[in-house]
Amino acid sequence: MSVVESESRLRALRRRLRWEALYVSAPPNIRYLTGFSGSAGHLLVRRDEATLITDGRYRTQARLQTSGIAVEISAGDSRIALAEAVGARGLKELGFEANRLSYDAYAFLRREAVGCSLVPADSPVEALRILKSEDEVRAIRRSVDLNSNVFDEVCRRLEPGWTESRLAAELEFGMRRLGAEGPAFPTIVAGGPHGALPHAEPRDAAIPRNTLVVVDQGAVVGGYCSDMTRMIAVGRPDSAQMELVEAVREAQAAAVGAIRAGVECRTVDGRARQALRKRTVGGVRLDTAFTHSTGHGVGLEIHEGPRIAARRRQRLRAGMVVTVEPGAYLEGLAGVRIEDVVVVTEDGCEILTRTPRELRIL
């Protein structure tokens, strides 16, 4: 991340400060503000300075990845160094990320930072992260493209007899081989009735023939995540399963068509449910088989704001990057989910995922 971008993000955060200082504890938020990607660190942000506190394992990494901020390397427990830094600055009030800090860490800081009042902060960094810069959109696009390339390459090699676990492993290895830092989440591969579990875990069982298989995968490239769900089949599924795929495709298209700046998240979710309400498979009205929200933000984390859900009145804004992933799950038959990553624009959205949405029959 450039010095200019880091300084811009810190300035934007400082405009939101309502405390003497803010303690940023979540690694993705620290990375967003400073570029530091280590797994252990504390960021103290004041109106006139920002200080990253970490331990000796990250001495060189912190120097290489950050610029324009102070870096302190602790000799031992970096939490003690944080408390000492609070005391050395004479802070009487410290905001902290209430949605991120564990109770144990909170209790430690409250005990050690004598004379400083800890005040819960309502996700101030996430409020900035919800809108992506052009550089961030380019990073997400690279992640999305790599993810699609892996899917295409592995599907071309898939053979009858592969297990769900092997297909998941091939996809995750492919991400690494093409340059990803790793998977954004544990890859889901679930065939037949197993696919009716929205978050099914791959089994050491052969992928069944002539039935639907859910493949949900995402990669991390340059710190940014991608997320895609596609349907495949080894052999042709029966008419009921094909109808299920078509119904979810229609629902996904309806939701994508509703996206534009100013639209409430619940409206997008509602369009998907309205489309499914019109369809019945095996006597089940498909909106009743849609058991999760329609989408979520994606960026440095696989799940970010906003949430595209039935009760969410938050309005979409240009620059938000979200998934659109309606599904329908029929116990004993199959599950279907189709998911793309899109960028919200003033008059619609740009679909970043280029993999065709049609059922891929192998």
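**Chatting about helices, a threonine and cysteines**

Biologist: Hi! Is the crossing of helix 7 and helix 8 left-handed or right-handed?

Modeller: In this predicted model, helix 7 and helix 8 cross in a right-handed way.

Biologist: Nice. At what angle do they pack?

Modeller: About 130°, and their axes are 9 Å apart. Helix 7 covers residues 134–157, while helix 8 covers residues 164–177.

Biologist: Why are they called oblique to each other?

Modeller: Because an angle of about 130° lies outside the ranges for roughly parallel, roughly perpendicular and roughly antiparallel, the last being over 145 degrees, the two helices count as oblique.

Biologist: And which residues make the contact?

Modeller: Helix 7 brings Leu146, Asn147, Val150, Phe151, Glu153, Val154 and Arg157. From helix 8 come Leu167, Glu170, Leu171, Gly174, Met175 and Arg177.

Biologist: New topic: where does Thr54 lie?

Modeller: Thr54 is part of strand 3, which spans residues 50–55.

Biologist: Is Thr54 buried or exposed?

Modeller: Buried, because its relative accessibility is 0% and the cut-off for buried is under 20%.

Biologist: What does Thr54 touch?

Modeller: Leaving out residues up to four places away in sequence, its contacts include Phe36, Ala40, Glu72 and Ser78. With Ala40, a polar atom of the Thr54 side chain is 2.7 Å from the backbone oxygen.

Biologist: Last thing: how many disulfides are there?

Modeller: The search of the whole structure gives 0 disulfides. For Cys349, the nearest cysteine sulfur belongs to Cys265, 13 Å away.

Biologist: How do Cys349 and Cys155 count for exposure?

Modeller: Cys349 is partly exposed at 23% relative accessibility, whereas Cys155 is buried at 4%.

How values were computed
Residues are numbered from 1 along each chain as its sequence is written. This is a predicted model: local features need pLDDT of at least 70, side-chain atom pairs count only at pLDDT 80 or more; totals for chains, interfaces and linings use all residues. Side-chain values use heavy atoms; hydrogens and water are left out. Helices (H or I, at least four residues) and strands (E, at least two) are DSSP runs, numbered from the N terminus. Buried means under 20% relative accessible area, exposed over 50%, partly exposed in between (1.4 Å probe, protein chains only). A polar contact is a pair of N or O atoms within 3.5 Å; within protein, one must be able to donate a hydrogen and the other to accept it, and residues adjacent in sequence count only if both atoms are side-chain atoms. Contact means heavy atoms within 4.5 Å. A disulfide is a pair of cysteine sulfur atoms within 2.5 Å. Axes are lines fitted to C-alpha atoms, for helices over the stretch in contact, and angles run from 0 to 180 degrees between N-to-C directions. Angles under 35 degrees count as roughly parallel, over 145 as roughly antiparallel, 65 to 115 as roughly perpendicular and the rest as oblique. A crossing is left-handed if the near helix is turned anticlockwise from the far one by less than a right angle, and right-handed if clockwise.
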